[in-house]
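Work through the following exercises with the sequence and the structure open side by side. Each task is followed by a solution in steps.

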Amino acid sequence: MAGSENINHASIADHELWIAFKQGDTEAFSEMYQRYAGTLYNYGYHLVPDTALVQDAMQDLFADLWRTRHNLSDTSSIKYYLFRSLRRRLHRMADIKPVLPSTPLQTESIEELKIKTEEYLLLLQRLQQLMSRLPERQQEVIRLRFYDNFNWEEIAGILQINEQSVRNLVQRAIAKLREGWK
C-alpha cells in the first residue's frame, strides 16, 4: 500500500490495522501476526495439544487471510476473529469434539514461571490442580475470559453458545474453584 511506510502500525487500533491489511498493506499484515501469533498459538495448543497441527493451522489461517483479504468483512477485534477462525480450522483439521483435551490447563505464563518464590509456585500448583478437576468446557471458558480477556459476547461467539450459557459456565467453574480452595 502506498504510504504505508509512514504509518506506525504497532500503535494503531485493531479496526484501522484490519482496514490497512485488507487494502494490501504488508506491514499491517505483519503487525497483525506479531500482535496475535503468540496468544493464538497458546489458545490453539490448549484445544489440540499438537504443536505441528497448531502451527499448520495458523500458517493456513494467515495464508488464507492474505489470499482472501479483499473479501473479508470489517472487524473491530482482530483477536476475536483470529481465535474463532483458528478454533473452527483446528476442529476441521483434527476432527475433534469442540471441547478441550483432558490434559490440565496450564495456568502459568512465562513471566510467572520466572518468579522464584516458593509460596507463589505452590499457589499456582494448587490452582492448576483445581482447574484440572473442572469439566473441559468450564476450563475453556475460564481461559477465554480470564487469560485471553474476551468479553461474554465474544466467548459465546467463539464457542457458538449463548451468552447466558457462558456466564453460567463461568459461575459454576468459579464456585467449584472456591469450594476446592477451602
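Helices here are DSSP runs of H or I with at least four residues, and strands are runs of E with at least two, numbered from the N terminus. The coordinates come from a predicted model.

**Exercise 1. Fold content**

Task: State how many helices and strands there are in the protein, and give the pattern along the sequence.

Solution.
- Step 1. Counting the elements gives nine helices and zero strands.
- Step 2. Reading along the sequence gives α-α-α-α-α-α-α-α-α.
- Step 3. Of the contacts with a separation of 6 or more, 64% join residues 24 or more positions apart.
- Step 4. The protein has 182 residues, and 41% of them count as buried. Its accessible surface is about 10,400 Å², with 49% belonging to carbon and sulfur atoms.

**Exercise 2. Confidence**

Task: Decide which element has the lowest mean pLDDT and which the highest.

Solution.
- Step 1. Start from the whole protein: the mean pLDDT is 82, and 80% of the residues reach 70 or more.
- Step 2. Among the elements, helix α5 (residues 110–114) has the lowest mean, 47, and helix α8 (residues 152–159) the highest, 92.
- Step 3. Look for stretches with pLDDT below 50. Residues 1–5 form one such stretch, with nine contacts in the model beyond near neighbours in sequence. Residues 97–102 are also below 50, and that stretch has 19 contacts beyond near neighbours in sequence.
- Step 4. Where pLDDT is low, the predicted coordinates should not be read in detail.

**Exercise 3. Two helices against α4**

Task: Describe how α2 crosses α4, and how α3 crosses α4.

Solution.
- Step 1. The axes of α2 (residues 26–47) and α4 (residues 78–94) come within 10 Å and cross at roughly 40°. That angle makes α2 oblique to α4, since angles under 35 degrees would count as roughly parallel and those from 65 to 115 as roughly perpendicular.
- Step 2. The crossing of α2 and α4 is right-handed.
- Step 3. The α2 side of this contact includes M32, Y36, L40 and Y43, and the α4 side includes I78, L82, F83 and L86.
- Step 4. For α3 (residues 51–67) and α4, the axes are 10 Å apart and the angle is about 125°. This pair is therefore oblique, because the angle lies outside 65 to 115 and is not over 145.
- Step 5. α3 and α4 also make a right-handed crossing. Among the residues that meet here are L53, V54, A57 and F62 from α3, and Y81, S85, L86 and M93 from α4.

**Exercise 4. An arginine in α4**

Task: Is R89 buried or exposed, and which residues is R89 in contact with?

Solution.
- Step 1. R89 is found in helix α4.
- Step 2. The relative accessibility of R89 is 13%, so R89 counts as buried; the cut-off is under 20%.
- Step 3. Setting aside neighbours within four places in sequence, the contacts of R89 are A57, D60, L61 and D64. These four residues appear on the α3 side of the contact between α3 and α4.

**Exercise 5. The surroundings of α8**

Task: Work out how many residues of α8 are buried, and what covers them.

Solution.
- Step 1. Seven of the eight residues of α8 are buried, which leaves the helix mostly covered.
- Step 2. The buried residues are W152, E154, I155, A156, G157, I158 and L159.
- Step 3. Their cover includes α2, α4, α7 and α9.
- Step 4. Take V166 as an example from α9. With 0% relative accessibility, V166 counts as buried.
- Step 5. Not counting residues up to four places away in sequence, V166 touches W152, I155, A156 and I161. The C-alpha atoms of V166 and A156 are 6.2 Å apart, although the two residues are 10 apart along the chain.

**Exercise 6. Positive phi in two loops**

Task: Where do N149 and Q160 lie, and are they buried or exposed?

Solution.
- Step 1. Most residues other than glycine have a negative phi.
- Step 2. N149 has a positive phi, near 60°. N149 lies in the loop between α7 (136–147) and α8, and is exposed at a relative accessible area of 60%.
- Step 3. Q160 likewise has a positive phi, near 60°. Q160 lies in the loop between α8 and α9 (163–181). With a relative accessible area of 54%, Q160 is exposed; the cut-off is over 50%.

Key
Residues are numbered from 1 along each chain as its sequence is written. This is a predicted model: local features need pLDDT of at least 70, side-chain atom pairs count only at pLDDT 80 or more; totals for chains, interfaces and linings use all residues. Side-chain values use heavy atoms; hydrogens and water are left out. pLDDT is the predictor's confidence in each residue, from 0 to 100. Contact means heavy atoms within 4.5 Å. Buried means under 20% relative accessible area, exposed over 50%, partly exposed in between (1.4 Å probe, protein chains only). Accessible areas come from the Shrake-Rupley method with a 1.4 Å probe; for residues, only the protein chains shown count as cover. Axes are lines fitted to C-alpha atoms, for helices over the stretch in contact, and angles run from 0 to 180 degrees between N-to-C directions. A crossing is left-handed if the near helix is turned anticlockwise from the far one by less than a right angle, and right-handed if clockwise.
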